[in-house]
Amino acid sequence: SLALPAELPTSWPLEVLDLEGCERLAALPPSLGACRALRLDVTNCAALRSLPDLSAVEKLDARGCGAG
């Protein structure tokens, strides 16, 4: 399986994170939920079984992922 770091630095001005088709991605760090301007694409990430609280994220596309 594949995972991002457990915590992403809050100083990163992260606006777009495109992980589409990352079939071995197993987890997303909870800190992504604090990225208000983030557009997150986890389309077709079949190994991703759960998502952290992403209610503050601007846009989420999780079609075809294990958690969607």
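Here is a short tour of one predicted model, starting with its sheet and ending in its core.

**The sheet**

Let's begin with the strands. Three of them make an open sheet, lined up in the order β2-β4-β5, and their pairing is parallel. The edges are taken by β2 (16–18) and β5 (59–61), and each of these has a single partner strand, so one side of each is left without a neighbour in the sheet. On average, neighbouring strands here are turned by 5° against each other, if you ignore direction. In case you're wondering what holds such strands together: strands of a sheet pair through backbone hydrogen bonds, either parallel or antiparallel.

Now zoom in on one pair. Strand β4 covers residues 39–41, and three bridges join β2 to it. If you want to find one of them, look for V16, whose bridge partner in β4 is R39.

**A salt bridge**

How many salt bridges does the structure hold? There is just one. In it, the side chains of D61 and R63 come together, with 2.6 Å from N to O. The two residues differ in how much surface they show. D61 has 17% relative accessibility, and because the cut-off for buried is under 20%, D61 counts as buried. R63, on the other hand, is exposed at 57%.

**Around T43**

Next, go to the loop between β4 and β5, where you'll find T43. This residue is buried, with a relative accessible area of 6%. The T43 side chain makes a polar contact with the side chain of D41, at 2.5 Å. Setting aside neighbours within four places in sequence, T43 also touches L19, E20, G21, D61 and R63. So both partners of the salt bridge, D61 and R63, are among the contacts of T43, and both are listed below because their accessibility is worth comparing by eye.

| Residue | Relative accessible area | Status |
|---|---|---|
| L25 | 1% | buried |
| T43 | 6% | buried |
| D61 | 17% | buried |
| R63 | 57% | exposed |

**The core**

Which residues touch the most other members of the largest nonpolar core? That core has 16 residues, and the answer is L19, L28, L32, L38, L40, V42 and C45. Take L19: leaving out residues up to four places away in sequence, L19 touches L4, L25, L28, L40, D41, V42, T43 and C45.

One of those contacts, L25, sits in strand β3 (residues 25–27) and is buried, at 1%. L25 and C45 are 20 residues apart in sequence, while their C-alpha atoms are 6.3 Å apart in space.

Definitions and conventions
Residues are numbered from 1 along each chain as its sequence is written. This is a predicted model: local features need pLDDT of at least 70, side-chain atom pairs count only at pLDDT 80 or more; totals for chains, interfaces and linings use all residues. Side-chain values use heavy atoms; hydrogens and water are left out. Two strands pair if DSSP finds at least two bridges between them. Helices (H or I, at least four residues) and strands (E, at least two) are DSSP runs, numbered from the N terminus. Axes are lines fitted to C-alpha atoms, for helices over the stretch in contact, and angles run from 0 to 180 degrees between N-to-C directions. A salt bridge is a side-chain nitrogen of Lys or Arg within 4 Å of a carboxyl oxygen of Asp or Glu. Buried means under 20% relative accessible area, exposed over 50%, partly exposed in between (1.4 Å probe, protein chains only). A nonpolar core is a set of buried Ala, Val, Leu, Ile, Met, Phe, Trp, Tyr and Cys residues joined through side-chain atoms within 4.5 Å. Contact means heavy atoms within 4.5 Å. A polar contact is a pair of N or O atoms within 3.5 Å; within protein, one must be able to donate a hydrogen and the other to accept it, and residues adjacent in sequence count only if both atoms are side-chain atoms.
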